[in-house]
Amino acid sequence: MRIAQKPERPGRRLAGVLAGVGLVAVVIIGVVLFVQSLPANVTLNGASVEVHGGKTLGDALSASGIKPQPGDLLAVDGSVLEAGKGEPFDATVNGEKVTELDTKLASGDVVEIGNGGPIEEPSDSVETAIPWTVAQEGNGAIHLVEGEGKDGVKATKTGKVSGIMK
């Protein structure tokens, strides 16, 4: 006597394969998220700092307690127009200059950070030609002129904020 076997459905096999692939994907995503949640150990201004969260330069500053002071906004003559309105900080990651606090960090990165630098106010520049001339000085029969002259240029900057001319 033969017992009839149920025919195998192709949909069941596909569902099993998809369930297996889905399980592998969930495990991989879990491992990636776990690894990303581990802190990054970086060297910040010579000290070891453990950075959590998004592992950004801003997170490293928060973890270290370092608070760089911003630079100043300067007039074209170098005088201070507004204190603290310059560059917010000066930083390098592994020797490369960075300007954003959301710069990502990885374990082993070497970060140097300091106070921000000054920024000069926007200005308009005007260049004026200065023609070359021969000036005679003194009296006497013999005059010596060496070399040939050429026209010069005088550059004048006017600060858009301060109005100062330099």
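Helices and strands here are DSSP runs, of at least four residues for a helix and at least two for a strand, numbered from the N terminus. With that convention, the tour can begin at a loop of this predicted model.

**First stop: Pro68**

Select Pro68, which sits in the loop between helix H2 (57-64) and strand S3 (73-74). Is this proline buried or exposed? Pro68 has a relative accessible area of 18% and is therefore buried, the cut-off for that class being under 20%. Now display its surroundings. Leaving out residues up to four places away in sequence, Pro68 touches Leu61, Pro88, Phe89, Ile113, Gly114 and Asn115. Within this set, Ile113 merits a distance label: 45 residues separate Pro68 and Ile113 along the chain, yet their C-alpha atoms are 7.5 Å apart.

**Overall view**

Zoom out to the whole chain and colour by secondary structure. The protein contains 2 helices and 10 strands, arranged along the sequence as α-β-β-α-β-β-β-β-β-β-β-β. Of its 166 residues, 19% are buried. Among contacts with a separation of 6 or more, 56% are between residues 24 or more positions apart. The accessible surface amounts to about 12500 Å², and carbon and sulfur atoms account for 57% of that area.

Next, colour by pLDDT. The mean over the protein is 85, and 86% of the residues reach 70 or more. Which elements mark the two ends of the scale? H1 has the lowest mean pLDDT of the elements, at 76, whereas S3 has the highest, at 95. Where pLDDT is low, the predicted coordinates should not be read in detail.

**The nonpolar core**

Return to Ile113 and select the core to which it belongs. The largest nonpolar core comprises 14 residues, and those with the most contacts inside it are Leu44, Leu57, Ala91, Leu105, Val111 and Ile113. Two or more residues of this core come from each of strand S1 (40-44), strand S2 (47-51), H2, strand S5 (89-93) and strand S7 (110-115).

Centre the view on Ala91. Which residues does Ala91 contact once neighbours within four places in sequence are set aside? They are Leu57, Glu96, Lys97, Val98, Glu112 and Ile113.

**Salt bridges**

Lys97, one of the contacts of Ala91, leads to the next selection. The protein has 3 salt bridges. In one of them, the side chain of Lys97 meets that of Asp90, with an N to O distance of 2.9 Å. Lys97 is exposed at a relative accessible area of 57%, while Asp90 is partly exposed at 40%.

Move next to Glu120 and Lys157, whose closest N and O atoms are 2.6 Å apart in a salt bridge. This pair joins distant parts of the chain: Glu120 belongs to strand S8 (residues 119-120) and Lys157 to strand S10 (residues 152-159), with their positions 37 residues apart. Both are partly exposed, Glu120 with a relative accessible area of 38% and Lys157 with 26%.

Then select Asp124 and Lys160, which form a salt bridge of 3.6 Å, N to O. Here too the pair links distant parts of the chain, with Asp124 in strand S9 (residues 123-130) and Lys160 in the segment after S10, 36 residues apart. Asp124 is partly exposed at 42% relative accessibility, and Lys160 is exposed at 54%.

**Two loops with positive phi**

For a backbone check, select Asn45 in the loop between S1 and S2. Its phi is near 50°, a positive value in a residue other than glycine. At 33% relative accessibility, Asn45 is partly exposed.

Continue to Lys55, in the loop between S2 and H2. Lys55 is not a glycine either, and its phi is positive at about 55°. Is this lysine side of the loop buried or exposed? With a relative accessible area of 14%, Lys55 is buried.

**Last stop: a surface patch on the first helix**

Finish with Leu23, Val27 and Val31, which make a nonpolar surface patch of about 280 Å². Val31 lies in helix H1 (residues 10-37) and is partly exposed, its relative accessible area being 46%. When inspecting this patch, recall that H1 is the element with the lowest mean pLDDT, 76.

How values were computed:
Residues are numbered from 1 along each chain as its sequence is written. This is a predicted model: local features need pLDDT of at least 70, side-chain atom pairs count only at pLDDT 80 or more; totals for chains, interfaces and linings use all residues. Side-chain values use heavy atoms; hydrogens and water are left out. Buried means under 20% relative accessible area, exposed over 50%, partly exposed in between (1.4 Å probe, protein chains only). Contact means heavy atoms within 4.5 Å. Patches are made of residues with over 30% relative accessible area and no salt bridge: like charges are joined within 9 Å, nonpolar side chains (Val, Leu, Ile, Met, Phe, Trp, Tyr) within 5 Å. Accessible areas come from the Shrake-Rupley method with a 1.4 Å probe; for residues, only the protein chains shown count as cover. A salt bridge is a side-chain nitrogen of Lys or Arg within 4 Å of a carboxyl oxygen of Asp or Glu. pLDDT is the predictor's confidence in each residue, from 0 to 100. A nonpolar core is a set of buried Ala, Val, Leu, Ile, Met, Phe, Trp, Tyr and Cys residues joined through side-chain atoms within 4.5 Å.
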